[in-house]
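Colleague: I would like a close look at one part of this model. Please walk me through a pocket and a couple of residues of interest.

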Amino acid sequence: MIRKKDKYQERRFVIMGIFVVTAVVLLVKIFILQVVDTSYRQISANSTVRYMTQFPARGTVYDRKNRLLIYNEASYDLMVIPAQVKNLDTNYLCNLLNITKDDFNNRLAKAKKYSRFHPSVFFGQITKEEYGGISDKSYHFHGFYFVNHAVRHYPYSIAAHTLGNIGEVSSKDIENDAYYKSGDLIGKSGIEYYYEKKLRGKKGVKAVVVDVHNREKESFLNGELDTLPVPGCDLVLGLDAELQQYGERLMNGKTGSIVAIEPSTGQILAIVSSPSYDPNALVGRVRGKNYNELLNNEEKPLLNRAASGTYPPGSTFKILNGLIGLQSGVINENSTYICNGPISHPIKCTHNHHSPTSLTEAVENSCNPYFWNVFHDMLNAKTFGGVKNAFDYWYRQVVGFGFGNNFTTDIAFASSGQIPSRNYYDKIYKGIWNEWTVRSLSIGQGEILVTPVQLANYAAAIGNEGFYYPPHLIRAFGDGSPIDSVFTTKITTDIAPEHFKTMKNGMKRVFEGEHGTARGSAIDSISVAGKTGTAQNPHGEDHSIFIAFAPVDNPQIAIAVIVENAGFGSTYAAPIATLMIEKYIRGYVKRTNVERRIMETELK
């Protein structure tokens, strides 16, 4: 009897065949993953392999004479991978770190919010001494490990506003640049901020095998996955550390600033803002506490008065108005005006002196009526076809010296100051104004606001007889790369060189003339040209201001000094400026009696 063929028999063989083929494919895949393709082994090893960021050494910073201004000190960050934290003796770790349990929980919660599986900083900037007391116990704390992360040190404790500081990145920093991760450090101010990408270097990665006790055992895959960090670029600044330190001593107990520039390059030799602070105070874990104390200090030590403070230039501005008068043809070096001293109108003179007075005599005596008359006659000169057209000419000449706009500079957060334009007055006075409305501009008052950096640059331009280089801090990069070409590009004003020679003669008389306003600050054997200024201050005593350059015929230094609420420019600003000049050119100061008076005087 012939049995009937099972209609499902063939299907059974087909199904069995599918299972066999599937099993073979899976076996082959496993073989490839485990034997041929090492990436599987790497992935499976993640539970015992730690990928540690290798932070590069941040670039060091030197002054113009290769004196070290900023270097790195060893510091450590305690990292955490929340998903790996287990069997933790929380109290033991809290005691080692000297933190409360609530602080511990907050830090761990923050790390979990960032990522449960990727490392983040749990406790940052641990000193070498603290690290020594904790590191050998780290095997107790699964999920925690240390990475080396240097902090900055400032051996001279000077130029805090200029050198700046570093701090932990914000969420915005991370969002703006993929280089940064939570807990990384970044330049917050000064050159640390401006040259961050040069200074930071490039991170590396090191993969290490760790045992169940959280101890590093060996390099993973013989270091095949490791990358070396690239150190940051060193910087050489134009600053002279000794001159900077001397300037800060002179300004101790006073509010204001000093800016000194090398006229031939535009490099800043000293930039003092007072009151200041020790830059080392904003390093390490104490940074936050100290920063808040400085922020709430009523003397505002965090304000960089040299670059961000704005002031009326006072009588120092008369030199520029005189130059514009000469260039416009309204006056020449022999032009004279009558001065009636304190009864002069509409702007009185501060004292009686020879009258009629010439241009150089007017500079020597700082005669207000002389420069008001120059300004008045220039605005009414027929060649311009009206006061407003003439004012446009005056405005162009003024901004040509770098006033009223930000320099392209590496001074972080520098202010542009203010030079009022024709449109400014049209808006305020609804188009109805004339030379009488703006007469205060003739003596550097009114709506004019300038920064000490701009004033020093102005002095450099006069010393150079009509040109300047934008004031800047950088002198050279350690990797040999060129500095920004804008800093080496000469900017020429529209004033003819011969007019500068005339004004320089007047500025020499400020020291050498019988009635020179700074004759008491003259320096033996060093020729100096300068101009005193006393700027009106609606909030208190007048500001003492002075600009100068020396030697007159071949300037090596140009300087601006502002001492707030200190009265006449000759009282404090002039002696401070000339002491700085003497210190820089001669290397030491002969006038120790003047030096002692300035250093021992506190005006706060």
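Modeller: What follows covers the second largest pocket, then two buried residues. Keep in mind that this is a predicted model.

Start with the pocket. The second largest pocket has a volume of about 600 Å³. Its lining counts 25 residues, and those closest to its centre are Ser315, Thr350, Asn368, Thr534 and Phe568. Which strand gives the most to this lining? Strand 20, spanning residues 529-535, does so with 3 residues. By character, the lining is made up of 17 polar, 4 charged and 4 nonpolar residues.

Now take Gly444. This glycine sits in a loop, with helix 17 (422-429) on one side and helix 18 (452-463) on the other. Is Gly444 buried or exposed? Gly444 has 0% relative accessibility, so it counts as buried; the cut-off for buried is under 20%. Beyond its neighbours within four places in sequence, Gly444 is in contact with Pro312, Pro313, Gly314 and Phe317. Thr316 is 128 residues away from Gly444 in sequence, yet their C-alpha atoms are 7.1 Å apart in space.

Asn365 is next. Asn365 belongs to helix 14, which covers residues 359-365. Its relative accessibility is 5%, so Asn365 counts as buried too. What does Asn365 touch, once residues up to four places away in sequence are set aside? The partners are His351, His353, His515 and Thr517.

Definitions and conventions:
Residues are numbered from 1 along each chain as its sequence is written. This is a predicted model: local features need pLDDT of at least 70, side-chain atom pairs count only at pLDDT 80 or more; totals for chains, interfaces and linings use all residues. Side-chain values use heavy atoms; hydrogens and water are left out. Helices (H or I, at least four residues) and strands (E, at least two) are DSSP runs, numbered from the N terminus. Buried means under 20% relative accessible area, exposed over 50%, partly exposed in between (1.4 Å probe, protein chains only). Contact means heavy atoms within 4.5 Å. On a 1 Å grid over the protein atoms alone, a cavity is a set of points where a 1.4 Å probe fits but cannot get out, and a pocket is an open set with protein on both sides within 12 Å along at least five of seven lines; lining residues have an atom within 4 Å of a point. Grid points are joined across faces, edges and corners, and a volume is the space filled by probe spheres set on the points. Ala, Val, Leu, Ile, Met, Phe, Trp, Tyr, Cys and Pro count as nonpolar, Asp, Glu, Lys and Arg as charged, and the others, Gly among them, as polar.
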